[in-house]
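Let's take a walk through this structure together, going from charged pairs to the nonpolar interior and then out to the surface. Keep the 3D view open as you read.

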Amino acid sequence: MKFIHVTDPHLVAPGETLFDLDPLDRLNACIDDINAHHGDAALCVFTGDLADRGEVAAYGGLRRALDRLVPPWHLLIGNHDDRPVFADAFPETALDENGFVQSVLETDAGAFVLLDTVEAGTHGGRFCEKRCRWLKARLQELRDRPVFLFMHHPPFDLHIPCLDEIGLADQDAFADAIAGHGNIRHLFFGHAHRPIAGSWRGIPITTMRGTNHGVPLDLHTRGRVPKSHEPPAYAVVFVDPQSVIVHFHDYLDKTTLVADGDGYRYAE
Ligand SMILES: [Fe+2]
């Protein structure tokens, strides 16, 4: 199965810019690239920070952009989103019994568990008792199934202080909640705006840049999140019973080379 991971589009009202970039333009370019090369993907998951300030107009722009996306799409929220405004704009999105934007998606590769780590009023993430009970119950139901976790805030530190200080509170509770499930095959997250791969408690983890701005590899700054204009990316993920392969694709990069006489030139 092939699916697409997109994160952190940070949309503002259509026509407005954010950090001197047009988030909707860059998301539309991402969607064009996915449609051109991966229209056959089984689905596309967006791991939050859909809107930069949770504005109605931003979600309206997102809706119109997603109307053009060929693979079926599923949305998580992040710390920049506004849960009630989002839920109004996307009423078809599944909510749990407590109103959190979280659900289980059955796919050919296994169960995709979409988690809501948002806490209104803070950029940090939460995994409260209600969400803990929900996740434990879902993992119990899925105890014999491969599980893929999707969440905005990573449940571990990244060694980037400005991100770790707005990371997930309740990391221990999260680790405890998943400890009994032996078949979590991968954890996909957002929030970091950087390409990061590794493992946590034996679970492979990945994220990549958002579709608007990046966050530089700054291991010292605290109290604010530096921004960058590194190229935006999305991930193409292949899953089979033996492997999970994640390709990061800088979809605005124009440096692919083609042979040209005795040398090379950039492809069109
Ligand atoms: Fe973000």
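**Charged pairs**

Glu119 and Arg131 are joined through their side chains in a salt bridge, with N to O at 3.4 Å. Glu119 sits in the loop between β5 and α4 while Arg131 belongs to helix α4, so this pair ties together parts that are twelve residues apart in sequence. Please keep in mind that the model you are viewing is predicted. The two partners also differ in their surroundings: Glu119 is partly exposed, at 29% relative accessibility, whereas Arg131 is buried, at 1%.

Helix α4 holds another pair to look at. Glu129 forms a salt bridge with Arg133, and their closest N and O atoms are 3.8 Å apart. Here both residues lie in the helix, four residues apart, or about one turn. Glu129 and Arg133 are both exposed.

Now move to Asp250, which forms a salt bridge with Arg209 at 3.4 Å between the closest N and O atoms. Asp250 is in the loop between β11 (244-249) and β12 (257-260), and Arg209 is in the loop between β9 and β10 (234-239), so the pair ties together parts that are 41 residues apart in sequence. Asp250 is partly exposed, with a relative accessible area of 28%, and Arg209 is buried, with 12%. Elsewhere, Glu16, Asp52, Arg53 and Glu55 are joined into one network by salt bridges that share partners. How many salt bridges does a search of the whole structure find? The search finds 18.

Next, the interior. The largest nonpolar core has 31 residues, and the members that touch the most others are Leu135, Leu149, Phe174, Ile178 and Leu187. Two or more residues of this core come from each of the helices α4 (129-141), α5 (161-164) and α6 (171-178), and from each of the strands β5 (110-114), β6 (147-151), β7 (184-189), β8 (196-200) and β9 (203-207). Leu187 is a good place to stop: setting aside residues up to four places away in sequence, its contacts include Leu149, Met151, Phe156, Trp200 and Ile205. Apart from this core lies another, of 28 residues, with Leu27, Ala51, Ala65 and Leu75 among them.

What about the cysteines? The count of disulfides comes to zero. The sulfur of Cys30 has its closest cysteine sulfur in Cys44, and because the two are 6.9 Å apart, they are too far for a bond; a disulfide would need the sulfur atoms within 2.5 Å. Cys30 is buried, with a relative accessible area of 0%, and Cys44 is likewise buried, with 0%.

The backbone has a couple of places worth a look too. Most residues other than glycine have a negative phi. His10, although not a glycine, has a positive phi of about 50°. His10 lies in the loop between β1 (2-6) and α1 (23-38), and is buried, with a relative accessible area of 2%. Arg201 also has a positive phi, near 50°, without being a glycine. Arg201 is in the loop between β8 and β9 and counts as exposed, at 59% relative accessibility.

We finish on the surface. There, Leu257, Tyr264 and Tyr266 form a nonpolar patch, with about 400 Å² of accessible area together. Of these residues, Tyr266 is found in strand β13 (residues 263-266).

Note on methods: Residues numbered from 1 in each chain as written. Predicted model: local features only at pLDDT ≥ 70, side-chain atom pairs only at ≥ 80, totals over all residues. Heavy atoms only, no water. Patch = residues over 30% accessible without salt bridge, like charges linked within 9 Å, V, L, I, M, F, W, Y side chains within 5 Å. Areas by Shrake-Rupley, 256 points an atom, 1.4 Å probe, with all protein chains shown as cover. Salt bridge = Lys/Arg side-chain N within 4 Å of Asp/Glu carboxyl O. Core = buried A, V, L, I, M, F, W, Y, C linked by side-chain atoms within 4.5 Å. Buried < 20%, exposed > 50% of the residue type's maximum accessible area, 1.4 Å probe, protein only. Contact = heavy atoms within 4.5 Å.
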